[in-house]
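Biologist: I have not seen this protein before. Could we go through the model by question and answer?

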Amino acid sequence: MTELLLHRDCLEKVQAEIRAVLNGKKDITDNDVEKMKYLKCVIMEATRLHPPLPVLPPRVARHDAKVMGYDIAEGTRVYVNVYAIMRDPKVWDKPETFMPERFLESSIDFVRHNFELLTFGAGRRSCPGRIFAMAINEKVLANVLYRFDWALPQGVRPQDVDMNETFGLANHRKVPLLALGTPFFP
Ligand code: HEM
């Protein structure tokens, strides 16, 4: 929501998509959400920049290994810095910019093994709840954007919004987001 409020063009685009798919319908079904491609891109891009788990739970090397030229001895505890990977300029174009469009023509998603987008981790210990989590995230965001128009409170400029995050096992905003919702009646 914060990134959308700071990028009104994206907010308007995703709202237009949701409202076009629903075309005045009252309730949002799973089939409706499936048609909301840009909504999925918005969530992927928001979690790329703000992963709830910035560092994966550690792995322990079961045998000596060489990874990209580095020797990893058996028994080494390895931490994967997802936050850094998802902002790596060698992997992402304009990595610090919120740009959901980057996923529109891309094959990267949460289901395949994409080691660039690690919101849900990767490999055999990746998050088993990701399909469930995405289904909930998509439906909640679609509802919130369908039923309300959103703006920053009066007098608050985008540059005034505190983007600091807590740092811990799970990240979230340090300061709660204040947003003004105006009901929208389809
Ligand atoms: C947006 C929501 C969620 C995010 C961002 C998330 C992210 C993650 C991440 C990054 C991991 C570690 C993966 C790895 O080490 O490679 C993980 C593990 C796990 N997640 Fe999630 N998760 C979410 C929601 C859920 C939900 C809804 C459930 C259950 C219904 C769930 C159950 C689990 C379990 C059981 C593990 C441990 C898997 C293992 O160690 O084998 N997660 N999650």
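Biologist: Leaving aside neighbours within four places in sequence, which residues is Lys40 in contact with?
Modeller: This is a predicted model, so every value here is computed from it. Lys40 sits in helix H4. Once neighbours within four places in sequence are set aside, its contacts are Val33, Glu34 and Glu138.

Biologist: With which side chain does the side chain of Lys40 make a polar contact?
Modeller: The contacts of Lys40 beyond four places in sequence include Glu138. The polar contact has a length of 3.1 Å, and the partner of the Lys40 side chain is the side chain of Glu138.

Biologist: Is Lys40 buried or exposed?
Modeller: Buried means under 20% relative accessible area. Lys40 has a relative accessibility of 16%, so it counts as buried.

Biologist: Which residues of H6 are buried?
Modeller: Helix H6 covers residues 130-147. Glu138, the polar partner of Lys40, is one of its buried residues. The full list is Arg130, Met134, Glu138, Leu141, Ala142, Leu145 and Tyr146.

Biologist: Why do the buried residues of H6 line one face of the helix?
Modeller: The view to take is down the axis of H6. Seen that way, the buried residues line one face because they fall within an arc of 125 degrees.

Biologist: What covers the buried residues of H6?
Modeller: The cover includes strand S5 (148-151). It also includes helices H1 (2-6), H2 (8-22), H3 (30-34) and H4 (37-49).

Biologist: How far does H6 reach from its first C-alpha to its last?
Modeller: H6 has 18 residues. At 1.5 Å a residue, a span of 26 Å is expected. The span in the model is close to that, at 26 Å.

Biologist: Which residue is the only protein donor of the iron atom of the ligand?
Modeller: The donor is found in the loop between helix H5 (82-85) and H6. Its SG atom is at 2.3 Å from the iron, and the residue is Cys127.

Biologist: What is the relative accessible area of Cys127?
Modeller: Values under 20% would make a residue buried, and values over 50% would make it exposed. Cys127 falls in between and is partly exposed, with a relative accessible area of 27%.

Biologist: Which cysteine sulfur is nearest to that of Cys41?
Modeller: A disulfide needs two cysteine sulfur atoms within 2.5 Å, and by this rule the count is zero. Cys41 is in no disulfide, as the nearest cysteine sulfur is 10 Å away and belongs to Cys10.

Biologist: Is Cys41 buried or exposed?
Modeller: The limit for a buried residue is under 20% relative accessible area. Cys41 has 4% relative accessibility, so it counts as buried.

Biologist: Which side chains make polar contacts with the side chain of Arg87?
Modeller: Arg87 is placed in the loop between H5 and H6. Its side chain also reaches the backbone oxygen of Leu49 at 2.7 Å. One side-chain partner is Tyr83, at 3.3 Å. At 2.6 Å, another is Glu96.

Biologist: Is Arg87 buried or exposed?
Modeller: Apart from neighbours within four places in sequence, Arg87 is in contact with Arg48, Leu49, His50, Trp92, Pro95 and Glu96. Its relative accessible area is 16%, and the limit for a buried residue is under 20%. Arg87 is therefore buried.

Biologist: What distance separates the C-alpha atoms of Arg87 and Glu116?
Modeller: Along the chain, Arg87 and Glu116 are 29 residues apart. In space, their C-alpha atoms are separated by 9.2 Å.

Biologist: What is the phi of Asn23?
Modeller: Asn23 lies in the loop between H2 and H3. At 67% relative accessibility, Asn23 counts as exposed. Although Asn23 is not a glycine, its phi is positive, about 45 degrees.

Biologist: How many helices and strands does the protein have?
Modeller: From the N terminus on, the elements run α-α-α-α-β-β-β-β-α-α-β-β. The count is six helices and six strands.

Biologist: What part of the protein do buried residues make up?
Modeller: The C-alpha atoms fill a box of roughly 60 × 40 × 25 Å along the principal axes. The protein has 186 residues, and the buried part is 33%.

How values were computed: Residues numbered from 1 in each chain as written. Predicted model: local features only at pLDDT ≥ 70, side-chain atom pairs only at ≥ 80, totals over all residues. Heavy atoms only, no water. Helix = DSSP H or I, 4+ residues; strand = E, 2+ residues; numbered from the N terminus. Expected span 1.5 Å × (residues − 1). Buried < 20%, exposed > 50% of the residue type's maximum accessible area, 1.4 Å probe, protein only. Arc of directions from axis to C-beta. Contact = heavy atoms within 4.5 Å. Donors = N, O, S within 2.8 Å, 3.2 Å for Na, K, Ca; no water. Polar contact = N/O pair within 3.5 Å; in protein donor to acceptor, adjacent residues only side chain to side chain.
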